[in-house]
Amino acid sequence: MYEQRFDKRAFDELRPMEAETGIIANANGSARFRIGNTEAIAAVYGPQEVKPKHLEKVDRGLIVCKYDMMPFSVPDRAKPGFDRRDMEISDVITNALNRAVLLEEFPRSMIDVRVYVSQADAGTRCASLTAASMACADAGLPMRDLVAAVAAGKIGDSICLDLTKEEEDFHEGGATDVPIAFLPSKNEIVLLQLDGKVSREDLKKIVEIGKLGAHKIYELEKKALRRRFSNES
Ligand code: ADP
């Protein structure tokens, strides 16, 4: 049984969030997204020449994304270097961004996306994807929509939004974690992963609660971008 969340949040409540764009002077686009004690910083470079050249596509651009956790992002210093988890997360972020950015507008070009997790308390792939999509928009890339991502899941018998690490590690009754990303205005899912076991009915509920959370994140992303561009004019 999990009747009261460790941090006293309602089951459908997100952690406190912050979003800002244009935080890195030397990138074409950048953003920071914080949700609770999870924070991601993203930088976008390009569109630029494709390197290595053989990856070039004649009819569309290419997104290359690299996710990394800073050594001080977790209590026991994260091991430096690009491991299998970093590789997997980089791939799922790339796949989601491929659905959001209008790559046909950039034939023979590459967009380099770097995401760094400065603090990790679960949900880093979702926070990273949210930050990366804001950074793409900040770089002025034409997009079908922003990506809004959040993890939802089941802890004991309760469907929960935006799990913390403490909740992910909940043993009594088990925890299931489902990172989900949406293009909210298109009502499209661009990432859905499942860590744990869950029934079809519960998965539907998890996706629904995730969608509600993603819409709140989407509003914050749009607000951050509006703030940035109204400051410029
Ligand atoms: P996500 O961060 O997207 O939830 P995981 O499920 O792989 O991805 O990781 C869950 C959480 O486990 C991370 O957010 C972080 O809090 C913690 N974690 C991941 N890798 C490490 C690591 N190398 N050292 C300590 N904690 C880690």
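Arg-9 counts as buried, because its relative accessibility is 7%, where buried means under 20% relative accessible area, exposed over 50% and partly exposed in between, with a 1.4 Å probe and protein chains only. The model is a predicted one, in which local features need pLDDT of at least 70 and side-chain atom pairs count only at pLDDT 80 or more, while totals for chains, interfaces and linings use all residues. Residues are numbered from 1 along each chain as its sequence is written, and side-chain values use heavy atoms, with hydrogens and water left out.

Arg-9 is placed in the segment before E1; helices (H or I, at least four residues) and strands (E, at least two) are DSSP runs numbered from the N terminus. A polar atom of the Arg-9 side chain lies 2.8 Å from the backbone oxygen of Glu-13, and a polar atom of that side chain also lies 3.4 Å from the backbone oxygen of Leu-161. Apart from neighbours within four places in sequence, Arg-9 is in contact (heavy atoms within 4.5 Å) with Leu-14, Arg-15, Leu-161, Asp-162, Thr-164 and Glu-167.

The account now turns to the sheets. Strands of a sheet pair through backbone hydrogen bonds, either parallel or antiparallel; here two strands are taken to pair if DSSP finds at least two bridges between them. One open sheet has five strands in the order E1-E2-E3-E5-E4, with mixed pairing. Its edge strands are E1 (17-21) and E4 (62-69), each of which pairs on one side only, and the twist from one strand to the next averages 15 degrees. E1 and E2 (residues 29-35) run antiparallel and are joined by five bridges, and Met-17 stands opposite Ile-35 in E2.

A further open sheet has four strands in the order E7-E6-E8-E9, with antiparallel pairing. Strand E7 (158-161) and strand E9 (188-192) stand at the edges with a single partner strand each, so one side of each is left without a neighbour in the sheet. In this sheet the twist averages 30 degrees from one strand to the next. Four bridges pair E7 with E6 (residues 148-155) in the antiparallel sense, and Lys-154 has Ile-159 in E7 as its bridge partner.

Helix H1 (residues 84-100) packs on the four-stranded sheet, touching E8 (175-183) and E9, and its direction makes about 170 degrees with that of E9; such angles run from 0 to 180 degrees between N-to-C directions, with axes fitted as lines to C-alpha atoms, for helices over the stretch in contact. Helix H2 (residues 124-138) packs on that sheet as well, touching E6, E8 and E9, with a direction at about 165 degrees to that of E6. On the five-stranded sheet, H1 lies across E4 and E5 (109-119), running at about 140 degrees to E4, whereas H2 lies across E1, E2, E3 (38-49), E4 and E5, running at about 150 degrees to E2.

The residues around the ligand, each with a heavy atom within 4 Å of it, include Met-69, Arg-85, Asp-121, Gly-123 and Lys-165. The table gives distances from a polar side-chain atom to an oxygen atom of the ligand, a polar contact being a pair of N or O atoms within 3.5 Å, where within protein one must be able to donate a hydrogen and the other to accept it, and residues adjacent in sequence count only if both atoms are side-chain atoms.

| Residue | Distance to a ligand oxygen atom |
|---|---|
| Thr-124 | 2.5 Å |
| Arg-125 | 2.8 Å |
| Glu-168 | 3.3 Å |

Taken alone the ligand exposes 530 Å², of which the protein buries 76%, with accessible areas from the Shrake-Rupley method and a 1.4 Å probe; for residues, only the protein chains shown count as cover.
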